[in-house]
Amino acid sequence: MSGAGSAKRVKQVVVIGGGTAGWMTAAGLASMLGSTGLKITLIESDAIGIVGVGEATLPHIKLFNDTIGVDEAEFMAATSATFKLGIEFVDWARKGDSYIHPFGEFGLANQGVPFHQYWSKMRNDPDVGPLDEYSLPVVACRKGKFQRPSDDPRSVLSTYRYAYQFDALQYAPFMRKHGEARGVTRIEGKVTGVHQDSESGDITSVTLEDGQQIAGDLFVDCTGFFGLLIEKALETGYESWSDFLPCDRAVAVPCESAGPLLPYTRATADKAGWRWRIPLQHRTGNGHVYSSGFTSDDAAQQALVDNLDGKLLADPRILRFATGKRRKLWNRNCIAIGLSGGFLEPLESTSIYLIQEGITKLLELFPDTSDFTVEAEEYNRKMDLEFERIRDFLILHYHATERDDSDFWNYMRTMKVPASLTEKMELFRASGRIASYDHGLFLVPSWIAVLLGQRIEPTGYDWRVDQLDADEIRRHLAGLRTHMDQAASGMDDHGEFLSTNGLAMSAA
Amino acid sequence: MSGNQPFRRIAIAGDGLPAALAAAYLAKACGPAGTEVVVISARETGQTGDVVARPDMLRFNAELGIDPVTLCKQGIASPLFAVEVQGGAGPVLLPFAPAGIANNGVDFHHYWLRATQNGLANQLADYSLPLAFHEAKRGLAFESAASFKMPFGLRLDRAAYAQSLVNAAMGFGVLGTGGALDGILASDSAEWPLRITIADSEIGADFVVDVTSDGAAATALGRRQSGWTNRCLWIAGDCNIPGIELFRLQRAVSRFASLVPTHESVAADSAEFNRIYFAEEQRITDMACLIEGDEAAMRARPALARKIDVFSACGRIPSEDYEVFQPCEWLAALMAQGYLPKRPERLAERLPEAELHTWLGNLRTQVVELQKQIEAAA
Ligand SMILES: Cc1cc2nc3c(=O)[nH]c(=O)nc-3n(C[C@H](O)[C@H](O)[C@H](O)COP(=O)(O)OP(=O)(O)OC[C@H]3O[C@@H](n4cnc5c(N)ncnc54)[C@H](O)[C@@H]3O)c2cc1C
């Protein structure tokens, strides 16, 4: 970035790449800053194509869509989307286990004491049942039900949020329509050259295969795993986390839907990784994420195909990736958003969230002029924290396991993990308390769901719980469980909800 | 004693308000589990004057059954919208709620900054309801203050508030020992891990919470720093920013109670407690350092230096985990030291110029009107 003396106003942003990251960025910038005179150009190459596998999301995407003015019904119909209330983890701590990480709360706090502490005290009581039964989104998932949450904070229907499962190949085109309508200029072509200022090193322009030269003040690298600007041109460097998360490949394949349309994604642990199942309106998305150090491509593909619900709809496709992130996500006048910035396996559907965070933080810190050293440093600090905290959460799923049925699980169970994660596990084991933070994606209920789901059981509980006697707690728990069950039963069947609310594909 | 047994007895070393507050809360939280709370006085002279409760103390008081409306009616408390801190270059006012209102997710001060860069003469404080209330000649009644739906704290008569806490503590079954602390020893005895000498007698305890001004019990146990080590929690409240003394006490005792201090969980619990306790201490020291305004000292504190740099560059105030002060307080402190952003957030440019001026004009009128109403009521 040039020195303060020669600082000039940032007027032109060039986004390279037209996948989910590229079009979300372009549409986001155009919707939020287009009226301030900012020009946004997006370059994409049909010859290269997009990765097209990011199909499961987190509730935050709704906020993004709402903020930039996306109509939910239009979006869902266009992308064959279904609703998602959580993720089911099957066979993770032990074979035969199943738990759901919901997008919502467990029970209701009482006198400032978190609900799970009351449950924790009583959990060996035969009438009390698993914590899952006190979470409305979990109960709704198990019943295949859905309803939009209520705005009334007194209602149990306000204790959850929802996300979507959508056709990744349709989302970028949908965002393109949205972005173009708000002034994004799209250029089709392959970038073959990147030009940098000889003094500052900033990118000044890119050249396309047909010779066109596109100049800009700020460049957003959304070229996916290519990292065309951030790595090939700027040589930013990559921080690998493959010791902690050794999965480095995925095989993906769609199949025909079978059975009821479930409002959740499923992640089933396998011998050297795990398999995903994402129900969409018109098909089911499937994949197997695995470590090439512990299994072969053929075996991984076979394990996937053997476990499909319905008939294959395409040939399986193998994707290779390196878990980690760029040393700097904002380097000089280039910001890497999406796969070009880094990748954490899709176990908790975090990639699109990270794209969204990248865009949001860029908007907040959007530079006025080319003198933006401070803004870039702050952006990198915040994004690094996001990546690192998600990384720790993912490691927990693998590390807190009793599985010893393969070399992969033996490695994961016994590997050394970041100290911050060990402390979290120790604290929960001792007291059921979550070492929380203010910044980072996963909040207390998520940690509770996965810690308990992975069979880390607290030995103690918050002693403020004893302010109520055991009978009172038992009555309170029984009442709440019935209430959750009735509330979930009163919801619509998920598939029916889609068709009766104008959200089905044919409504597009 | 078995591993998962709650403590049988917690001793509180200290006097006056800190001891009453700690004792009342811990007795309420831990008493039902069978824990006895005993206060051991520490031969301190009682402090007098006022004490400030930041906005989040209202809930804490409610948990203890202390009703702020009653305190206000009794003349023991009055609503407080900002605190004044003596800084290196004069007094600094830290408001408990922001000036103006955010618009489209962008904080008000960015709009104000944009307008001043285009010639607006008003100060940011001219749009601040909390500062208008703070400066009004007559204070607001609790109910009127609450009607504005913005956070406010309380200014309390220290001795009278301490008495309310003592009453609450007694209601929760707290015991006094009658004598003052003469000594404390960690013991290997199977019966009590701590032995406390009071005049000619001795009592045992599982844990001591030290709220004395000089850490009398903690230092006797060999501690040099406040925080939680083994069987002793030393809460230091010393800070020249009004409200921080009670904030630290309240946070420490409620966090202590929310952990599971049983004999076996002390190690994990104390590590977690200290992680947050020291993080908050850093944030408080950052603020005190900023208010003091010594450039070299400020640059030596990375999180504070970042706040200054990012704010100066683009008007945003980066937050850390476990912030103690709200963004509006940081904003006031940064501006009081003469830091001003080079530019507002770019998103603030979305509001058309004419709309911006009309909006700012309306806001200013509302603040002036409310100020007049308060003055008239006086
Ligand atoms: C196996 C797997 C499963 C995943 N599952 C999920 C999930 O469930 N949930 C989730 O949130 N995320 C998931 N992700 C991540 C998600 O797919 C990506 O974050 C998302 O698709 C964004 O990709 P992208 O836009 O960064 O890259 P891509 O989709 O690869 O797009 C790259 C773009 O750059 C363009 N390009 C590249 N080089 C050039 C060039 N030289 N000139 C011009 N254009 C160029 C291409 O044409 C393309 O348009 C998954 C990823 C993988 C690998």
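Biologist: How many salt bridges does the rule find over all chains?

Modeller: In general, side chains of opposite charge can pair when their charged atoms come close. Here the count comes to 64 over all chains, where a salt bridge is a side-chain nitrogen of Lys or Arg within 4 Å of a carboxyl oxygen of Asp or Glu. One of them joins A:K95 to A:D405, with the closest N and O atoms 3.8 Å apart. A:K95 sits in the loop between β4 (86-90) and β5 (98-102) of chain A and A:D405 in the loop between α10 (373-399) and α11 (407-414), so the pair ties together parts 310 residues apart in sequence. Those helices (H or I, at least four residues) and strands (E, at least two) are DSSP runs, numbered from the N terminus.

A word on the ground rules: this is a predicted model, local features need pLDDT of at least 70, side-chain atom pairs count only at pLDDT 80 or more, and totals for chains, interfaces and linings use all residues. Residues are numbered from 1 along each chain as its sequence is written, chains are lettered from A and ligands numbered from 1 in the order written, and side-chain values use heavy atoms, leaving out hydrogens and water.

Biologist: What area is buried between chain B and chain A?

Modeller: The size of an interface is often given as the accessible area lost when the parts come together. For this pair that's about 3500 Å², with carbon and sulfur atoms giving 51%; the loss is taken with a 1.4 Å probe and summed over both parts. The contact (heavy atoms within 4.5 Å) takes 46 residues from chain B and 41 residues from chain A.

Biologist: And how many salt bridges cross that interface?

Modeller: The rule finds 7 between chain B and chain A. Among them, B:D321 meets A:R389 at 2.6 Å, N to O. On the side of chain B that touches chain A, elements supplying at least two residues each include α1 (16-30) and α10 (266-292) of chain B.

Biologist: Which residues come nearest to the ligand?

Modeller: A residue is near if one of its heavy atoms lies within 4 Å. Of the 33 residues around the ligand, A:G18, A:V51, A:A56, A:V191 and A:I352 come nearest. A polar backbone atom of A:V51 is also 2.9 Å from a ligand oxygen. Taken alone the ligand exposes 1000 Å², and the protein buries 97% of that, by the Shrake-Rupley method with a 1.4 Å probe. α9(A) gives the most to the shell, with 3 residues.

Technical notes:
Polar contact = N/O pair within 3.5 Å; in protein donor to acceptor, adjacent residues only side chain to side chain. Buried area = accessible area lost by both parts, 1.4 Å probe.
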